[in-house]
Amino acid sequence: MHDFHYHDGTLHCEGVNLTDLAIQHGTPLYVYSANTILEHYRRLSSALSDLDHHIAFAVKANSNLSILKLLNDEGADFDIVSGGELFRVIRAGGTAKKCTFAGVGKTREEIEYSLNEGIYCFNVESEAELRFINKISNELNVIAPVAIRVNPNVDAKTHKYISTGKSENKFGIDFEFIEGLYETASKELKNLELRGLQMHIGSQLSEVKPFVEAVQRVAPLAQKLKQKHDIKFFSIGGGIGIAYEDALASGKDSWWQENDQNNTPLTIEEYASELVPILAPLGLKIMLEPGRLIVGNAGILISEILYKKVGTAKTFAIADAGMGDLIRPALYQGHHEIVPIQNTSNENETVDIVGPICESGDFFAQDRELPKLEEGEMIGMLSSGAYGFVMASNYNSRTLPAEVLVSDKTHKLIRKRQTYEDLINGEDL
Ligand SMILES: *Cc1c(COP(=O)(O)O)cnc(C)c1O
């Protein structure tokens, strides 16, 4: 479900006209729909109502303070992967008590900061890290709450760069070693509290099967660890995929259903109905860490077509946004539906939509048939709410775009466009 639709030939986000918004704030511009974000969160929560469940939003998908505040006010927990993300959650009005800290390379500084703030749990990804957290906790004379991330060795059937649950991925600890490690920890590592068990097999999963396989494999382990070590929670990670193709079936209200059938066989309801029966008997608190599902379809990147260039092999439409603003196509062949903000043309054209950056990988679409675009027209890259702005960079010394949050008929600038001064901030001659 999302809240982008044409009204009188102009794309709107909720009740806000995106042409007006882009003129007011300039392009490239990220725009998010608050109601879409909340709807996704609530729909997931209600599908899991039979479980003692906690939804920890994966902050790395979209870490804007206003988005975090929106979810914090709604009651979300947070899954973080750095000290910087913890800092953001706290600034947005959240607390460390609501955060689980994942990631393979936590530093001393990050561990100390999290302990001082009272983190809910570290999700530990190696024995060395487990021992290091114990050592720091001993120095600080505190007890660190930890869970171990198990690598269940299942194939998530997603892009190899976003698959995390196979033995050859760097994430988690092999299934075979987990019980032994909880034993060791409980006997030797006196500054740890074994609070849970965690897994996360990958991102943008488009079918429920790998989730079921992984949960079936790991649930008995969670049961054992509950009996032996009194763990309190089992986190099954995030990774629920969203529809990227046909993300806007113009004029149709039933967008989500359309796509559930055509592109995304995985729905929230299917996910829940398959997993809840396996999880409920555990009697553990069940945690989820969705990122993309919550914010992905809630965002759009608006860009202006600067130039058209007709060559012998191709027609290029050169946009003022590039891979520095949205890197998913360049990084892992991510697909974004591209639509005109002003739906005027009834002629189609096969084009490459490219950015201004000096890299041949800087494109949003290749050989795609789109409504014919003119110079000065604005386009929208749909489903850009997750892993969009958060991955933006200043490469080519381009300023980071502005971000706007829409709610019904109102909109708020939630991040100013960077200035040239911002670009050199911290540098010294
Ligand atoms: C990235 C990540 C998530 C979120 O993944 P999505 O595909 O955005 O749902 C959840 N848990 C962990 C540990 C992650 O690294």
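This section describes the ligand site of a predicted model, followed by the surroundings of three individual residues.

The ligand sits in the largest pocket of the protein. Around the ligand there are 16 residues, of which K60, S203, E289, R292 and Y387 come nearest. Classified by residue type, this shell comprises 4 nonpolar, 7 polar and 5 charged residues.

Three of the nearest residues place N or O atoms at short listed distances from the ligand, and they do so through distinct parts of the residue. For E289, a polar side-chain atom lies 2.6 Å from a nitrogen atom of the ligand. For Y387, a polar side-chain atom lies 2.6 Å from an oxygen atom of the ligand. R292 contributes through its backbone, with an N or O atom of the main chain 2.8 Å from a ligand oxygen atom. Taken alone, the ligand exposes 390 Å², and the protein buries 95% of that area.

K106 is located in the loop that connects strand 7 (99-101) to helix 5 (108-117). Its relative accessibility is 9%, and K106 therefore counts as buried, the limit being under 20%. Two polar contacts are made by the side chain of K106. One reaches the backbone oxygen of G103 at 2.8 Å, and the other joins the K106 side chain to the side chain of E129 at 2.6 Å. This loop residue is thus paired with both a backbone atom and a side chain.

Q204 is found in the loop between strand 11 and helix 8, the helix spanning residues 209-229. With a relative accessible area of 17%, Q204 is likewise classed as buried, because this value falls under 20%. The side chain of Q204 reaches the backbone oxygen of I242 at a distance of 3.0 Å.

E193 belongs to strand 11, which covers residues 192-198. A relative accessibility of 31% makes E193 partly exposed, since the value lies between the 20% limit for buried residues and the 50% limit for exposed ones. In space, the C-alpha atom of E193 is 4.7 Å from that of P145, although the two residues are 48 positions apart in sequence. Strand 11 thus contains the partly exposed E193, and the loop between this strand and helix 8 holds the buried Q204.

Definitions and conventions. Residues numbered from 1 in each chain as written. Predicted model: local features only at pLDDT ≥ 70, side-chain atom pairs only at ≥ 80, totals over all residues. Heavy atoms only, no water. Near = heavy atom within 4 Å. Polar contact = N/O pair within 3.5 Å; in protein donor to acceptor, adjacent residues only side chain to side chain. Areas by Shrake-Rupley, 256 points an atom, 1.4 Å probe, with all protein chains shown as cover. 1 Å grid on protein atoms, 1.4 Å probe; cavity = no way out; pocket = protein on both sides within 12 Å on 5 of 7 lines; lining within 4 Å. Sits in = over half its atoms within 2 Å of the grid points. Nonpolar A, V, L, I, M, F, W, Y, C, P; charged D, E, K, R; others polar. Helix = DSSP H or I, 4+ residues; strand = E, 2+ residues; numbered from the N terminus. Buried < 20%, exposed > 50% of the residue type's maximum accessible area, 1.4 Å probe, protein only.
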